[in-house]
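Please look at the chain below with its fold in view, and follow the strands and helices as they are named in the text. The paragraphs after it go from sheets and helices to the pockets.

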Amino acid sequence: MTSLTLRGIVKRYGTVEVIHGIDLDVPSGEFVVFVGPSGCGKSTLLRMIAGLEAISGGEFCIDGVRVNEVPPAKREIAMVFQSYALYPHMTVYDNLAFGLQTAGEKKDVIEQRVQLAAAMLKIDPYLQRKPKALSGGQRQRVAIGRAIVRNPKLFLFDEPLSNLDAELRVQMRVELSRLHAELGTTMIYVTHDQVEAMTMADRIVVLRDGVIEQSGTPLELYNRPANRFVAGFIGSPKMNFLDATVAGRDAQGLRVRLPGGEVLLVAADPSKASSADAVTLGIRPEHARLADSGLPVSVGLIEQLGGNTVLYGTLTAQQPV
């Protein structure tokens, strides 16, 4: 079991700083997901953990030992990339065994580890095939198996499901969660897909512009977002944000007035705002209800999703909901 500690981690490319002093503790056996929009620094941070990018400042420790200058091959880390990066001229068996062979492992050890990983990932019927004869999901399983056979201290995943179709992504999410439960190994997973983050993570780390906006369990981030960015990023469909002003305060919370003149009672801490303050009201779509009285909405689009129906419209003041 492996724990990670990041203290004041900085990454610079010349004079441009892209990671700004990140502090993070990852306990042993935790499944942590880095999530955020493109360009937020999540893959760069992952590559620094792997040793593929130099750390410009700060300290990175594995099990309490500083490893800033330790080369990737000696960190006992296995990484699964977005592209499968399989050797096209080798069979599945040889792809799985290659890393162990170059490390000088004995043949019986290689055979045992390859067969174990293949059985765990249900790719044992394909061991004599080459990658071109496999589906995308099967290739991704081979890439994951190549990491498993090494018995690493830490697994790193860099958007490994982004090349798969929707059905396979759901299937592989389940497989990766099952794999983590079986192995109990510390895993760090990078994605821009907040659905992947919500369904797989023990803890989500939300990044933006090279800093951590919030870290916590999926439901902590969903129910108690630290700021508007996290509130808008976590959740699908996304949260509605309505401009409003404080119309009054009482023991029940705040009364806020929308641009159309409607006044709503919000269960918020009344000490956080004063009368006439400009505020933003956040409402998740699933908390809205169709009713005979309430806020009038002009519906512009209806999405029928089978189990759910999503309405898109505007309020009287042309605020989208």
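Across which strands does α1 lie, and at about what angle does it run to β7? In this predicted model, α1 lies across β3 (31-35), β6, β7 (154-158), β8 (186-191) and β9, and its direction makes about 150 degrees with that of β7. Another helix, α5 (residues 166-183), also packs on the sheet, where it touches β3, β7 and β8 and runs at about 160 degrees to β8.

The sheet in question is an open one of 6 strands, which follow one another in the order β6-β7-β8-β3-β9-β10 with mixed pairing. At its edges stand β6 and β10 (211-216), each of which pairs on one side only, and from one strand to the next the twist averages 20 degrees. In general, the strands of a sheet pair through backbone hydrogen bonds, either parallel or antiparallel. Strand β9 (residues 203-208) gives an example of the antiparallel sense, since 5 bridges join it to β10, and within this pair I204 has G216 of β10 as its bridge partner.

Returning to the helix α1, which spans residues 42-50, one finds that it is mostly covered, with 7 of its 9 residues buried. These buried residues are K42, T44, L45, L46, M48, I49 and A50. The helix is followed by G51, a residue whose phi is positive and near 90 degrees.

A further helix to follow is α2 (92-102), in which V92, Y93, N95, L96, A97 and L100 are buried. An α-helix has 3.6 residues a turn, so residues three or four places apart point the same way. The buried residues of α2 are covered by parts of the chain that include α3 (107-121) and α4. Just after α2 comes G104, which takes a positive phi of about 80 degrees.

The loop between β5 (65-66) and β6 holds P71. Is P71 buried or exposed? P71 falls in between, because its relative accessible area is 40%, which makes this residue partly exposed. Although P71 and V211 are 140 residues apart along the chain, their C-alpha atoms are separated by 25 Å.

A second open sheet has 4 strands in the order β13-β12-β11-β14, and its pairing is antiparallel. Why do β13 and β14 each have one side without a neighbour in the sheet? Both stand at the edges and have a single partner strand each, so one side of each is left free of a neighbouring strand. Neighbouring strands of this sheet are turned against each other by 50 degrees on average, with direction ignored. Between β11 and β14, which run antiparallel, there are 6 bridges, and D243 stands opposite T280 in β14.

Further along the chain, β15 and β16 also pair in the antiparallel sense, here over 7 bridges, and E303 has V310 of β16 opposite it. The two strands form a hairpin with 4 residues between them, in which G306 takes a positive phi near 90 degrees.

With the strands and helices in place, the empty space can be considered. Rolling a probe the size of a water molecule over the atoms shows where empty space is left. The largest pocket holds about 1200 Å³ of space, and of the 33 residues that line it, N240, P285, A288, R289 and V321 are the closest to its centre. The elements that give two or more residues to this lining are β11 (240-250), β13 (263-266), β14 (278-283), β15 (297-304) and β16 (309-315), and among the elements β16 gives the most, with 6 residues. By type, the lining of the largest pocket divides into 23 nonpolar, 7 polar and 3 charged residues.

The second largest pocket has a volume of about 720 Å³. Its lining consists of 28 residues, and I77, A78, G99, R146 and R150 lie nearest its centre. At least two residues of this lining come from each of β6 (77-80), α2 (92-102) and α4 (136-148), while α2 gives the most, with 5 residues. Here the division is into 20 nonpolar, 3 polar and 5 charged residues.

Terms used: Residues numbered from 1 in each chain as written. Predicted model: local features only at pLDDT ≥ 70, side-chain atom pairs only at ≥ 80, totals over all residues. Heavy atoms only, no water. 1 Å grid on protein atoms, 1.4 Å probe; cavity = no way out; pocket = protein on both sides within 12 Å on 5 of 7 lines; lining within 4 Å. Points joined across faces, edges and corners; volume = space filled by probe spheres on them. Nonpolar A, V, L, I, M, F, W, Y, C, P; charged D, E, K, R; others polar. Pairing = 2+ DSSP bridges. Axes fitted to C-alpha atoms, helices over the stretch in contact; angles between N-to-C directions. Buried < 20%, exposed > 50% of the residue type's maximum accessible area, 1.4 Å probe, protein only. Contact = heavy atoms within 4.5 Å.
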